[in-house]
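Here are my notes on this one, jotted down while going through the model. Have a look at the structure first, then read on.

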Amino acid sequence: MSRKRDRAPASALDPRRFTIAEYRAAVQARRQVRPGELAGCSPGEIDTLMYTQGVGRIPWLYREFLGAMGKNPKPLMPTVDWSYPDLLQAKAEVLEDLRSDAVDTGFLDDALVIGLGSGHFIYYIPDASTAPDDPPVWTASDGTDRVRLHATFREFLLSILDGAGQAVEIR
């Protein structure tokens, strides 16, 4: 099998309708993870994350992602803490750090923190309890530079796949 075929572009996935199962298959076909490396969270673990982060709901597509590969997606973005164990404490850590720096944390009131980069860099889904099934993904740096990074979680996932596992940074 040619190397080019192994690295098929993420555009092979329909950006508006691909399933998490199709995404996981694309990740595995590109050999971005070792066989058996991806593991999903149980429904109980997903509910625990919802409770721990203080949101009333986890948007459907992100819930599907957690169930299929949420325990260890780290190989896809090695510089970001976005595995289930990390996410259990992520929001509390971010809130504590931002409050110690006297930064207004109101933007995280109903937000679901889905990844932590170095320093105070986060990926999050705002208004998680009322977000659409395929929610937008935002970033914040030091709690102040808040930007909608992608209009949908699917776009976020495609950017990771196209980026060959490199975290997207805001400059």
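1. Start with Arg154 and Asp134, whose side chains form a salt bridge at 2.9 Å, N to O. Arg154 sits in helix 6 and Asp134 in the loop between strand 2 and strand 3, so this pair ties together parts that are 20 residues apart in sequence. Keep in mind that this is a predicted model. Is Arg154 buried or exposed? Arg154 has a relative accessible area of 10%, so it counts as buried, the cut-off being under 20%. Asp134 comes in at 16% relative accessibility and counts as buried too.

2. The loop between strand 2 and strand 3 also holds Asp133, and Arg57 is in the loop between helix 3 and helix 4. Their side chains meet in a salt bridge, again listed at 2.9 Å, N to O. The two residues are 76 residues apart, so to speak a link between distant parts of the chain. Arg57 has a relative accessible area of 24%, which makes it partly exposed. Asp133 is partly exposed as well, at 44%.

3. Next on the list is Glu45 with Lys71, a salt bridge at 3.0 Å, N to O. Glu45 belongs to helix 3 (residues 43-53), while Lys71 is in the loop between helix 4 and helix 5; they are 26 residues apart, and the pair links distant parts of the chain. Lys71 is partly exposed, with 33% relative accessibility. How many salt bridges does the structure hold? There are six, and the ones in these notes are among them.

4. Now a charged residue without a partner. Lys91, in helix 5 (residues 84-100), is buried and yet has no salt bridge. Side chains of opposite charge can pair when their charged atoms come close. Here the nearest side chain of opposite charge is that of Asp110, 6.2 Å away, and a salt bridge needs N and O within 4 Å, so this pair does not count as one. What does Lys91 touch, leaving aside residues up to four places away in sequence? Its contacts are Gln53, Val55, Leu108, Asp109, Asp110, Ala111 and Val113.

5. Back to helix 6 (residues 153-162), this time for its packing with helix 4 (residues 60-69): the axes are 9 Å apart and the angle is about 40°. That makes helix 4 oblique to helix 6. From helix 4, the residues in contact are Trp60, Leu61, Tyr62 and Phe65; from helix 6, they are Phe153, Arg154 and Leu157. By class, that contact has six nonpolar residues, no polar ones and one charged. Arg154, the salt-bridge partner of Asp134, is therefore part of this helix contact as well.

6. A smaller item: Pro85 is in helix 5 and counts as partly exposed, at 48% relative accessibility. Pro85 and Gly70 are 15 residues apart in sequence, and their C-alpha atoms are 9.3 Å apart in space.

7. Finally, the overall picture. The chain has six helices and four strands, and reading along the sequence gives α-α-α-α-α-β-β-β-β-α. Of its 171 residues, 47% count as buried. Among contacts with a separation of 6 or more, 52% come from residues 24 or more positions apart.

Technical notes:
Residues numbered from 1 in each chain as written. Predicted model: local features only at pLDDT ≥ 70, side-chain atom pairs only at ≥ 80, totals over all residues. Heavy atoms only, no water. Axes fitted to C-alpha atoms, helices over the stretch in contact; angles between N-to-C directions. Parallel < 35°, antiparallel > 145°, perpendicular 65-115°, else oblique. Contact = heavy atoms within 4.5 Å. Nonpolar A, V, L, I, M, F, W, Y, C, P; charged D, E, K, R; others polar. Buried < 20%, exposed > 50% of the residue type's maximum accessible area, 1.4 Å probe, protein only. Lys, Arg positive; Asp, Glu negative; His and termini not counted.
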